[in-house]
Amino acid sequence: MYRIRKKNNWVFGLSLLLFACNGKANEAAWEEHVNTLDFTSVEQVKTTSFALSEIMEIEEWLLSDTLLFCKNSSGNPYYYVINVNDFSVTGAFGHRGHGQNEWIGPRLLRKDDGGFCVLDNGRRAVYEVEKSDTVYSIHKLRDLSLQLPLNNVKSIAYPICAYCTNTPNALVWNVGNIETLSVLDSISFVDQNNEGKAIRYEFSYDVNQGNAVLAGLYIDRFMVARLDESNRLSHKLIFVGNGEEDMEHKAYYTDVVCGDFIYLLSQREIDLSGMSGTSQIEVYDYSGKPVKLIKLDIMAVRMLYDKHNGRFVFLSPSDNDLHVLDYAFE
């Protein structure tokens, strides 16, 4: 997961290159707009916390109906299963190791039939996870010929997924078939000076109901696109704010939720050097128009939306709790 953390102070003279997976320029250019931050309303809210003593640190999470799968940093076990109705732990599965059905760098994915699979970057294979009552069984489905680890993997319509690949000089967001590793479309953020500074373009993202939103961590910018029936990007918009780049003190967006509106978890009021301040949710429509600013009472680095209970759930770097905000989508 994205953590708010201190970074080296770099001076950047990089340019941004966007291109499709075949290396040719996208047919439709990205349309750039200014983000005015002129929200029509501002709301101050209060969250409620729930302690999770079993989990050392949540690295990633996945919500499926009323079950929240939390990846534990220790890897023993890798995943705890939490009932979001009462935040009780109802199960656990997966262990770190090189033995049969053990993992090194797992990414949990939801399948369209309601099941789950794990893509393990370390073992370079896909495993199926089957649930019977509170017991989870694991078996290997197939090996994968991975050239780079696949990070921040999210299902679109399994086996079609979005995922990121990283090298020092390029961050690439891909839409493709996770079983065949074929890429349908992609966006690349490239350090054309080859100085290993592509981390400048680090981003969070979400995909939902054909909408894809990528939001910059260190650049005050978010990108909105549609995925067509062939899962290719169209109607591509960029919204640029007026923030300065300062990786030592400033971060912008650490998470995204795509609902009826775009919800961006904003760190504009956080000072990274002192780890002080509170986070906000910037709400936009899909044309990029600012709608509402929700001011939280905590510092939060990740969020998800629990539709079943009508609330946001947050992770904070300040504790090991889940923080909840009752909130009905507009």
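Which residue in β11 is the bridge partner of V129? It is I138. Keep that pair in mind, and let me place it. One caution before I go on: this is a predicted model.

V129 sits on a strand with two partners, so let me take them in turn. β10 covers residues 125-132 and β9 covers residues 116-120. These two run antiparallel, with 5 bridges between them. One pairing to look at is V118, which stands opposite Y127 in β10. The hairpin of β9 and β10 has 4 residues between the strands. In that hairpin, R124 takes a positive phi near 55°.

Now the other partner. β11 is residues 135-143, and 8 bridges join β10 to β11. Again the strands run antiparallel. Here the hairpin has 2 residues between its strands. D133, in the turn, has a positive phi of about 60°.

Next, an open sheet. It has 5 strands, in the order β1-β19-β18-β17-β16, and the pairing is mixed. β1, residues 31-34, and β16 are the edge strands. Each has a single partner strand, so one side of each has no neighbour in the sheet. Neighbouring strands here are turned by 15° against each other on average, direction ignored.

Look at the β16 edge. β16 and β17 run antiparallel and share 6 bridges. F203 is bridged to G216 in β17. Remember those two residues. They come back shortly.

What about S204, buried or exposed? S204 lies in β16. S204 is buried, at a relative accessible area of 1%. Now compare sequence and space. S204 and L265 are 61 residues apart in sequence. Their C-alpha atoms are 9.5 Å apart.

L265 takes us to β21. This strand is residues 262-266. How many of its residues are buried? The count is 5 of the 5, so β21 is largely enclosed by the rest of the structure. Both faces are covered. On one side you have I262, L264 and S266. On the other you have Y263 and L265.

β21 also has partners to name. β20 and β21 are antiparallel, with 5 bridges joining them. A hairpin of 3 residues connects the two. C258 stands opposite I262 in β21. Then there is β22, residues 280-284. β21 and β22 pair over 5 bridges, also in the antiparallel sense. In this pairing, S266 stands opposite Q280 in β22.

On to the nonpolar core. In soluble globular proteins, nonpolar side chains tend to be buried together. In this model, the largest nonpolar core has 22 residues. Which ones have the most contacts inside it? They are W173, I187, F189, F203, Y205 and L214. So F203 is back, with its place among those residues. The elements giving two or more residues to this core are β13, β14, β15, β16, β17, β18 and β19.

Now empty space. Rolling a probe the size of a water molecule over the atoms shows where such space is left. How many cavities of 30 Å³ or more are there? The count comes to 1. About 50 Å³ of space lies in the largest cavity. Its lining is F189, Y201, F203, L214, A215, G216, R221 and M223. So F203 and G216, the bridge partners from before, both line this cavity. β17 and β18 are the elements that give two or more residues to the lining. β17 gives the largest share, 3 residues. By class, the cavity lining has 6 nonpolar, 1 polar and 1 charged residues.

Last, the largest pocket. Its volume is about 1400 Å³. The lining has 48 residues. Which are the closest to the centre? W61, N152, K154, D206 and R302. Several strands give two or more residues to the lining, among them β4, β5, β8 and β12. β16 and β20 are also on that list. By class, the pocket lining has 24 nonpolar, 8 polar and 16 charged residues.

To wrap up, take F203. It is bridged to G216. F203 has a place among the core residues with the most contacts. F203 also lines the largest cavity. And β16 is an edge strand of the open sheet that gives two or more residues to the pocket lining.

How values were computed. Residues are numbered from 1 along each chain as its sequence is written. This is a predicted model: local features need pLDDT of at least 70, side-chain atom pairs count only at pLDDT 80 or more; totals for chains, interfaces and linings use all residues. Side-chain values use heavy atoms; hydrogens and water are left out. On a 1 Å grid over the protein atoms alone, a cavity is a set of points where a 1.4 Å probe fits but cannot get out, and a pocket is an open set with protein on both sides within 12 Å along at least five of seven lines; lining residues have an atom within 4 Å of a point. Grid points are joined across faces, edges and corners, and a volume is the space filled by probe spheres set on the points. Ala, Val, Leu, Ile, Met, Phe, Trp, Tyr, Cys and Pro count as nonpolar, Asp, Glu, Lys and Arg as charged, and the others, Gly among them, as polar. A nonpolar core is a set of buried Ala, Val, Leu, Ile, Met, Phe, Trp, Tyr and Cys residues joined through side-chain atoms within 4.5 Å. Buried means under 20% relative accessible area, exposed over 50%, partly exposed in between (1.4 Å probe, protein chains only). Two strands pair if DSSP finds at least two bridges between them. Axes are lines fitted to C-alpha atoms, for helices over the stretch in contact, and angles run from 0 to 180 degrees between N-to-C directions.
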